[in-house]
Amino acid sequence: MTVLANQLLQRQEFIETAELDGEWVLLDLDSHSITKVNEMGGYIWELMENCPTISQLTDRIAAEFNADRLQVEADVEAFVAELIRVGLVTHD
Amino acid sequence: MYLYQSVIGDHRIRFVVQTEHLKEWIAARFPEERQHDGAENGESGPLEEAVLTIKDFYGSMYDDGPVEIESDEDSVTYTRTDYRMVASADYSRVELAVFDDLALKHALINWYSAWLIHRRKGLLIHSSCVVENGKAWLFVGHSGAGKSTVTELSAPRPILSDEATLLLLGPDGKVTIQDSPLRSENEERGEVSACELGGIHFLIQSADVRRDPVSKVETLVGLMDKVFYWKHNKLETAKMIAVCREVVQRTPAYNLYFQKNDTFWGQIS
């Protein structure tokens with residue numbers, strides 16, 4: 001269990017998303033910054049609205065894809081950490 | 001005051017201008033409304049209309065400074081050393097005062113794109129556009145990439161724009177390029193008034209000549225970067241993105257590697 005695992009994640013307001021041919025872009029209407037993510041990244045972004053912690057995201061994705069929970073958790077955490085780094089997600 | 005009415009695509013622009021010089025400048029670029037353009041727009045109802053009141057003798061020469069934008073509930077004000085433009089919140093009523101022709105062109109590009117984006121009807125893109133085989137082909141690239149070179153190399157093909165491409169979204173989602181009234185060279189109007197968009201080309205100067213498909217997401221990012229849009233309001237920004245997305249979904253896009261000669265047309269069907 002990591003520091004971030006149970007912290008409440010909050011997606012930044014005013015992010016427009018666009019999905020085109022399986023790729024996603026997250027567009028920050030404030031800063032005009034553009035972040036490209038793959039299909040899984042776009043899926044996690046969507047999920048975060050109702051599953052706002054890494055634990056919940058991991059449970060959901062591990063169940064859905066029948067995947068190893070530890071591996072999923074490591075991947076989700078790395079992705080969320082990146083979203084936090086670029087300012088698309090905040091945590092308390 | 002002089003009056004001049006222009007109809008482009010599904011909309012009418014009424015110009016109310018202070019001087020004969022301004023009227024001549026507008027009339028040389030914007031197609032005058034013909035009688036049969038009428039009040040109706042085929043099956044899609046009356047024409048959308050904007051009224052621009054333009055005055056001369058404002059400010060001083062452009063000093064490379066930015067456009068300042070202030071907005072409140074009722075209006076949006078754009079200010080530069082060489083012009084001041086106050087638009088109603090829906091951009092359909094505009095009071096513009098300019099220093100010279102350069103200021104007038106910049107302000108009109110600025111307003112026109114904002115008005116189209118506000119209604120999600122289209123936008124202006126920093127690009128050139130040429131007609132070949134009944135389709136309009138858009139060329140975008142950074143400064144010096146070859147947008148105007150492409151138009152110079154494309155004679156005798158009709159040129160729809162060399163600086164600011166005027167793109168309209170039809171009610172059926174069709175993407176149409178109108179002959180641009182706002183050009184940098186060859187300012188006389190072109191012989192083709194509108195043409196469906198066939199594809200977008202991102203220009204890359206190269207020793208070989210080829211074109212490679214570009215993904216939708218890359219196209220969206222590349223296109224948004226070239227839209228004439230001065231950010232001031234999140235809702236308008238979201239609309240600009242929505243229009244770009246519509247265009248990208250319906251239009252193939254390519255990286256076009258080209259030499260400075262006309263052989264690149266062999267790559268474009």
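Which residues are buried in helix H1 (residues 39–47) of chain A? Select that helix first, bearing in mind throughout the tour that this is a predicted model, and colour Gly41(A), Gly42(A), Ile44(A), Trp45(A) and Leu47(A), which are the buried ones. Then move to the start of H1(A) and show the side chain of Asn38(A), where a side-chain oxygen comes to within 3.2 Å of the backbone nitrogen of Met40(A).

**Where the two chains meet**

Next, show chain A and chain B together and select the residues in contact, of which 17 belong to chain A and 16 to chain B. The area buried between the two chains is about 1,500 Å², and carbon and sulfur atoms give 71% of this area. On the side of chain B, pick out Val217(B), Lys234(B) and Arg245(B), since these residues supply 38% of the area that chain B buries against chain A, more than any other three residues.

The rule finds 2 salt bridges across this interface, and one that can be displayed joins the side chains of Lys36(A) and Glu218(B), with a distance of 2.2 Å from N to O. There are also 5 residue pairs in polar contact across the interface of chain B and chain A. To see which parts of chain B are involved, select helix H4 (216–224) and helix H5 (234–250) of chain B, the elements that give two or more residues to the side touching chain A. H5(B) provides the largest share of that side, with 7 residues. If you colour the side of chain B that touches chain A by class, you will find 8 nonpolar, 3 polar and 5 charged residues.

**A covered strand and its partners**

Now turn to strand E10 (residues 135–140) of chain B, which is mostly covered, with 5 of its 6 residues buried. On one pairing, E10(B) runs antiparallel to strand E9 (residues 128–132) of chain B, and the two are joined over 5 bridges. To follow one of these links, select Val131(B) and look for its bridge partner in E10(B), which is Ala136(B).

E9(B) and E10(B) form a hairpin with 2 residues between them. Zoom in on Asn133(B), which is found in the loop between these strands, and check its backbone angle: phi is near 50 degrees, a positive value in a residue other than glycine. Most residues other than glycine have a negative phi. Asn133(B) is exposed, with a relative accessible area of 64%.

Which strand pairs with E10(B) in the parallel sense? Select strand E14 (residues 194–205) of chain B, and you will have the partner, again over 5 bridges. Ala136(B), already selected, has Leu197(B) as its bridge partner in E14(B).

**Around Leu197(B)**

Keep Leu197(B) selected and ask whether this residue is buried or exposed? With a relative accessible area of 7%, Leu197(B) counts as buried because the value is under 20%. Leaving aside neighbours within four places in sequence, the residues in contact with Leu197(B) include Lys135(B), Ala136(B), Leu138(B), Leu167(B) and Val175(B), and the list also includes Ile177(B), Val247(B) and Thr251(B). For a distance to try in the viewer, take Leu197(B) and Asp212(B), which are 15 residues apart in sequence and 18 Å apart in space, from C-alpha to C-alpha.

**Three stops in the loops of chain B**

The next stop is Arg119(B), in the loop between helix H2 (101–118) and strand E8 (122–126) of chain B. Although its side chain is a charged one, Arg119(B) is buried, with a relative accessible area of 17%. Not counting residues up to four places away in sequence, Arg119(B) touches His11(B) and Glu48(B).

Then select Phe57(B), found in the loop between strand E3 (48–55) and strand E4 (68–71) of chain B. Its phi is near 65 degrees, another positive value in a residue other than glycine, and at 70% relative accessibility Phe57(B) counts as exposed.

Finish at Pro156(B), in the loop between helix H3 (147–152) and strand E11 (159–161) of chain B. Show the backbone from Ala155(B) to Pro156(B), where the peptide bond is cis, with omega near 5 degrees. Most peptide bonds are trans.

Note on methods:
Residues are numbered from 1 along each chain as its sequence is written. Chains are lettered from A and ligands numbered from 1 in the order in which they are written. This is a predicted model: local features need pLDDT of at least 70, side-chain atom pairs count only at pLDDT 80 or more; totals for chains, interfaces and linings use all residues. Side-chain values use heavy atoms; hydrogens and water are left out. Contact means heavy atoms within 4.5 Å. Buried area is the accessible area (1.4 Å probe) that two parts lose on being put together, summed over both. A salt bridge is a side-chain nitrogen of Lys or Arg within 4 Å of a carboxyl oxygen of Asp or Glu. A polar contact is a pair of N or O atoms within 3.5 Å; within protein, one must be able to donate a hydrogen and the other to accept it, and residues adjacent in sequence count only if both atoms are side-chain atoms. Helices (H or I, at least four residues) and strands (E, at least two) are DSSP runs, numbered from the N terminus. Buried means under 20% relative accessible area, exposed over 50%, partly exposed in between (1.4 Å probe, protein chains only). Two strands pair if DSSP finds at least two bridges between them.
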